[in-house]
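Let's take a walk through this one together, going from single residues out to the whole assembly. Have the sequence and the coordinates open as you read.

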Number of protein chains: 2
Amino acid sequence: MALGIRERTLDSSRAAILEAAARCFHERGYAATSIDDVARALQSTKGRIYHHFESKADLFAEVFRAGMDMNYAALEPLRSMKAEAYQLWRRFAWVHVDQMITTRAFQRVVWMGVEMHLVGAPTPHQRALFEELFETRSRYGDIFRKLIAEGRETGHFHFPNLSVANQLMFMTLNSPIFWYSPRTGETRADVEDLIAQVVTCAWRGLGGTEGTTT
Amino acid sequence: MALGIRERTLDSSRAAILEAAARCFHERGYAATSIDDVARALQSTKGRIYHHFESKADLFAEVFRAGMDMNYAALEPLRSMKAEAYQLWRRFAWVHVDQMITTRAFQRVVWMGVEMHLVGAPTPHQRALFEELFETRSRYGDIFRKLIAEGRETGHFHFPNLSVANQLMFMTLNSPIFWYSPRTGETRADVEDLIAQVVTCAWRGLGGTEGTTT
DNA sequence: TTGACAACATACCCGGTAGTATGTTCATCA
DNA sequence: TGATGAACATACTACCGGGTATGTTGTCAA
């Protein structure tokens, strides 16, 4: 049986709201964004949003989740790869930075969510929701953390403190969400050049041996 | 003539407000911080704050200014130093990171101010005020930008794009405002060890020649 | 074709917050 | 010593924004 209009439009409508919400949160931040702002961005009204999402915090959480889902989905094709940790790191980092650039509104929300932590989540239900999302984010981070830890043991990376190195690495890899903005006439090659610079910077920061930049 | 109570208390009272405001903005962000929040942090009331500052935006701007003033003041002793650019960069970067850690509430506000840009500055007066502050911030950034540009010419740094390298460098140097949090029983030596790691990471990211880490 | 329900739009409520208007206290100085 | 004004506190207003209650319209299944 073919899908009815309802089944076809529901997901796309929800997705459109998430997209608009991501843009608004990205531009103005969580607190400064009103539900009416998001509705305006959709050329619509509050009713539509509250029909699909319980509250503002819930909407934010779902944008967060969507962003993390995108990241996991982007990494998935590489998860089965067999290679040295430091080589895997290059691949993973490249995909990660690509994500930061191409889905930056969502990724910015993920960042904001981690920053806000649990400030402004009054109900236990919301706290539990955010806890779960943070764990997801944490597990994602551990993928990279493990790689650089292993890379250090094999002598490909050199840094004194794992946690600090991990922080600094993610800071570099995530940084496009703050300063990247698409230029007019920008090609995919330009973007890939940018990604390469970011990855190389993070690689060097980890004390990656020069020349092994394949 | 000795200073009267008024002269002595005015500056300290203003400074106390700035300090409390910095902490509040740091913890909750601009939009989520109410003037009453700041007043509560001071064990005081709104009246006191509005007596010293025109508006919330003005208070925020003054915290921003105070943060930038601290940065300039910290760099001042080094401005007269004569040395190769890449060596100067090390010193400057060290002081900068130290600032990010020791005055991080103010520095976080500076960051937020740059991020928000001019969103939420309705009056022309406020727009002009922020324009001025952003220029101050921009000139501060140029100090480092010039150093790494010169360092690249002398062959001590290696990166393809100056603007990108500058962004990534500041991202690393500023990063403590996001993840640093004082540990119990932490000594100055611990902090300096941290600073060294951050500076080294940024140095490597710029393609600084290894071994020249004096 | 009709009842039910999803997918919205509209209208409304109410708590919180920026900003103001108005005390109140106390140091300073003529 | 009394007048003045700085440095606040208190009381109040106006508005905005999250959330809700209530229409309205179109779809689909029986």
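A helix here is a DSSP run of H or I that is at least four residues long, and helices are numbered from the N terminus. With that in hand, start at His96(A), which sits in helix α5, residues 85-102 of chain A. Bear in mind that what you're looking at is a predicted model.

So, is His96(A) buried or exposed? It counts as buried, because its relative accessibility is 0% and the cut-off for buried is under 20%. Look at what surrounds the side chain: once you set aside neighbours within four places in sequence, His96(A) is in contact with Tyr140(A), Phe144(A), Phe170(A), Leu173(A) and Asn174(A).

Now step back to the loop between α4 (56-75) and α5 of chain A, where you'll find Arg79(A). With a relative accessible area of 42%, Arg79(A) comes out as partly exposed. Beyond four places in sequence, Arg79(A) has contacts with Phe92(A) and Ile143(A). If you want a distance to check on screen, go from Arg79(A) to Arg90(A): they are 11 residues apart in sequence, and their C-alpha atoms are 13 Å apart in space.

Another loop is worth a stop, the one between α2 (35-41) and α3 (46-52) of chain A, which holds Gln43(A). Its backbone is what catches the eye: phi of Gln43(A) is near 55°, a positive value in a residue other than glycine. At 77% relative accessibility, Gln43(A) counts as exposed. Turn to chain B and look at Gln43(B), in the loop between α2 (35-41) and α3 (46-52) of that chain. Gln43(B) has a positive phi of about 55°, though it isn't a glycine either, and with 78% relative accessibility Gln43(B) counts as exposed.

Zoom out to chain A as a whole. How many helices and strands does it have? There are 10 helices and 0 strands, so reading from the N terminus you just get α-α-α-α-α-α-α-α-α-α. The C-alpha atoms fill a box of roughly 55 × 45 × 40 Å along the principal axes. Of the 214 residues in chain A, 50% count as buried. Among its contacts with a separation of 6 or more, 71% are between residues 24 or more positions apart. The accessible surface of chain A is about 10,600 Å², and carbon and sulfur atoms make up 52% of that. As for charge, chain A has 25 positive and 25 negative charges, and their mean positions are 2 Å apart.

How do the two chains go together? Chain B lands on chain A after a rotation of 180° with 0.0 Å of shift along the axis, at an RMSD of 0.1 Å. The copies are thus related as by a two-fold rotation axis. They also meet through the same surface, because 96% of the interface residues of chain B are interface residues in chain A too.

For a close-up of the two chains meeting, go to Thr172(A), in helix α8 (residues 162-174) of chain A. Which residues does Thr172(A) touch, leaving aside its neighbours within four places in sequence? From its own chain there are Val198(A), Cys201(A) and Ala202(A), and from the other chain Leu168(B) and Thr172(B). The side chains of Thr172(A) and Thr172(B) are joined by a polar contact of 3.5 Å. At 2% relative accessibility, Thr172(A) counts as buried.

Terms used: Residues numbered from 1 in each chain as written. Chains lettered and ligands numbered in written order. Predicted model: local features only at pLDDT ≥ 70, side-chain atom pairs only at ≥ 80, totals over all residues. Heavy atoms only, no water. Least-squares fit on C-alpha atoms with pLDDT ≥ 70 in both. Contact = heavy atoms within 4.5 Å. Buried < 20%, exposed > 50% of the residue type's maximum accessible area, 1.4 Å probe, protein only. Areas by Shrake-Rupley, 256 points an atom, 1.4 Å probe, with all protein chains shown as cover. Lys, Arg positive; Asp, Glu negative; His and termini not counted. Charge placed at Lys NZ, Arg CZ, Asp CG, Glu CD. Polar contact = N/O pair within 3.5 Å; in protein donor to acceptor, adjacent residues only side chain to side chain.
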